[in-house]
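Student: I've got a new model open on my screen and I'd like to learn how to read it. Can we go through it feature by feature?

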Amino acid sequence: MFTVIINDCRDDNARARQTSRVGSLASTNISFIGVDSDLEAGMQLIDVLDATTGREGLVLVNVAPRGDHASKWENGTPFAYFWYKKTLVITSVDGFALSAVKKLNLTNQINLLDIHETTEAMLKANFITEAEAKRIPYSQFRSFDFTPRAGVFMMQGNHLPSASFDLDDVPDLPRAVWAIDNFGNCKTTLTPEDIDTNKETQTRYGSLPYFEKLRDLSDGETALVRGSSGLDDTRFLAVITQRRSFAKNNNVMIGDDVFEDKSYFRQATE
């Protein structure tokens, strides 16, 4: 079994506490991916599902803007779960966290968890103590107190009560840069199906050709290239300048729209 944590609480203390919690509950290999926004988190989830190919495992995602945006919820964005083959995903539902799942049509059943009902179910099964049951619903660190326990509880074959969550309520995935790698290549949410690969595409960075393979670009040439990120046969495009940092030379930031001068970046903390 494997566990991957995708979270905006990523300082050394928060990271160690989350991985220690999961490790104390289950015998599992643990990886941690720190992110700054819900857009990054949702796309990182796709890459994790691709890397693990639906094997038995657990992915815990929690990232959502704070402040007034989250005030509509009792204690921050709620969580939901779905299965991708044998992989259980528990994720926050606010923002773009599930937008890539929606775009790729990975599931037709998202199950919304009520933290009070979930806690009560784990208490009845003697998975948590009464003291923990009282504390968990009001925790300010649900990535530590709630999602690891709920995830491991379910991976042990237990059921949690849930309600249906409509993917129509999830915003569409924006046409944006979601990651910048150490070479300055900009990963986008676009797929080859989103453009006409037989001609250049007009972007905010100019008119760019499409290449299936990076090796076909000349030094200094910029293009939309079929990247490595994605799932199965669906791969996302990257904006790349051969042997140059496209991000540095064009002042690209995560969240930037590929076509318009606007950004979808919503940092969790400001």
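Student: Let's start somewhere small. Which residue follows α2, and what is the sign of its phi?

Tutor: This is a predicted model, so keep that in mind throughout. The residue right after α2 is Thr53, and its phi is positive, near 50°.

Student: Where else does a positive phi turn up in a residue other than glycine?

Tutor: Lys85 is one case, with phi near 60°. Lys85 sits in the loop between β4 and β5. Asp232 is another, with phi near 55°, and you'll find Asp232 in the loop linking β13 and β14.

Student: Is Lys85 buried or exposed? And how does Asp232 count?

Tutor: The cut-offs are simple: under 20% relative accessible area is buried, over 50% is exposed, and partly exposed lies in between. Lys85 comes out at 57%, so it is exposed. Asp232 has 49%, so it is partly exposed.

Student: Okay, on to sheets. What holds strands together in general?

Tutor: Strands of a sheet pair through backbone hydrogen bonds, and they can do so parallel or antiparallel. Here, one open sheet has 7 strands in the order β2-β1-β3-β5-β4-β6-β7, and its pairing is mixed. Its edge strands are β2 (29-34) and β7 (163-165), each of which pairs on one side only. On average, neighbouring strands of this sheet are turned by 25° against each other, direction ignored.

Student: Which helices pack on that sheet, and what do they touch?

Tutor: Helix α1, residues 12-25, touches β1 (2-7), β2 and β3 (57-62), and its direction makes about 155° with that of β2. Helix α2, residues 38-52, touches β1, β2, β3, β4 (79-84) and β5 (87-92), with its direction at about 165° to that of β1.

Student: "Mixed" must be visible in the pairs themselves. In which sense does β1 pair with β3, and with β2?

Tutor: β1 and β3 run parallel, joined by 6 bridges. β1 and β2 are parallel too, over 6 bridges. Click on Thr3 to see both sides: its bridge partner in β3 is Leu58, and in β2 it stands opposite Ile30. To get from β1 to β2 the chain passes through α1, and this β-α-β crossover is right-handed.

Student: And where is the antiparallel part?

Tutor: Look at β6 (residues 110-113) and β7, which pair in the antiparallel sense over 3 bridges. There, Ile110 stands opposite Phe165 in β7.

Student: Back to β1. How many of its residues are buried, and which way do they point?

Tutor: 6 of the 6 residues are buried, so β1 is largely enclosed by the rest of the structure. Phe2, Val4 and Ile6 point one way, while Thr3, Ile5 and Asn7 point the other way.

Student: Is there a second sheet to look at?

Tutor: Yes, an open sheet of 5 strands, ordered β8-β9-β14-β13-β12, again with mixed pairing. β8 (177-180) and β12 (210-211) are at the edges with a single partner strand each, so one side of each has no neighbour in the sheet. Within this sheet, β13 (residues 222-231) and β14 (residues 234-241) run antiparallel and are joined by 7 bridges. Val225 is opposite Ala238 in β14.

Student: Which helix lies across β8, β9, β13 and β14?

Tutor: That's α2, running at about 65° to β13. You've already met α2 packing on the 7-strand sheet.

Student: How many of the residues of α2 are buried, then?

Tutor: 12 of its 15 residues, so α2 is largely enclosed by the rest of the structure. The buried ones include Leu39, Met43, Ile46 and Val48, but also Asp38, Glu40 and Asp47.

Student: What span should α2 have, and what does the model show?

Tutor: At 1.5 Å a residue, its 15 residues should span 21 Å, and the end C-alpha atoms are 21 Å apart, which agrees.

Student: One last spot: where is Gln140, and is it buried or exposed?

Tutor: Gln140 is in the loop between α5 (130-135) and α6 (142-145). Its relative accessible area is 72%, so Gln140 counts as exposed. A polar atom of its side chain also lies 3.4 Å from the backbone oxygen of Tyr138.

How values were computed. Residues are numbered from 1 along each chain as its sequence is written. This is a predicted model: local features need pLDDT of at least 70, side-chain atom pairs count only at pLDDT 80 or more; totals for chains, interfaces and linings use all residues. Side-chain values use heavy atoms; hydrogens and water are left out. Two strands pair if DSSP finds at least two bridges between them. Helices (H or I, at least four residues) and strands (E, at least two) are DSSP runs, numbered from the N terminus. Axes are lines fitted to C-alpha atoms, for helices over the stretch in contact, and angles run from 0 to 180 degrees between N-to-C directions. Contact means heavy atoms within 4.5 Å. The expected span of a helix is 1.5 Å times one less than its number of residues. Buried means under 20% relative accessible area, exposed over 50%, partly exposed in between (1.4 Å probe, protein chains only). A polar contact is a pair of N or O atoms within 3.5 Å; within protein, one must be able to donate a hydrogen and the other to accept it, and residues adjacent in sequence count only if both atoms are side-chain atoms. A crossover is right-handed if, with the strands pointing away from the viewer, the path from the first strand over the helix to the second runs clockwise.
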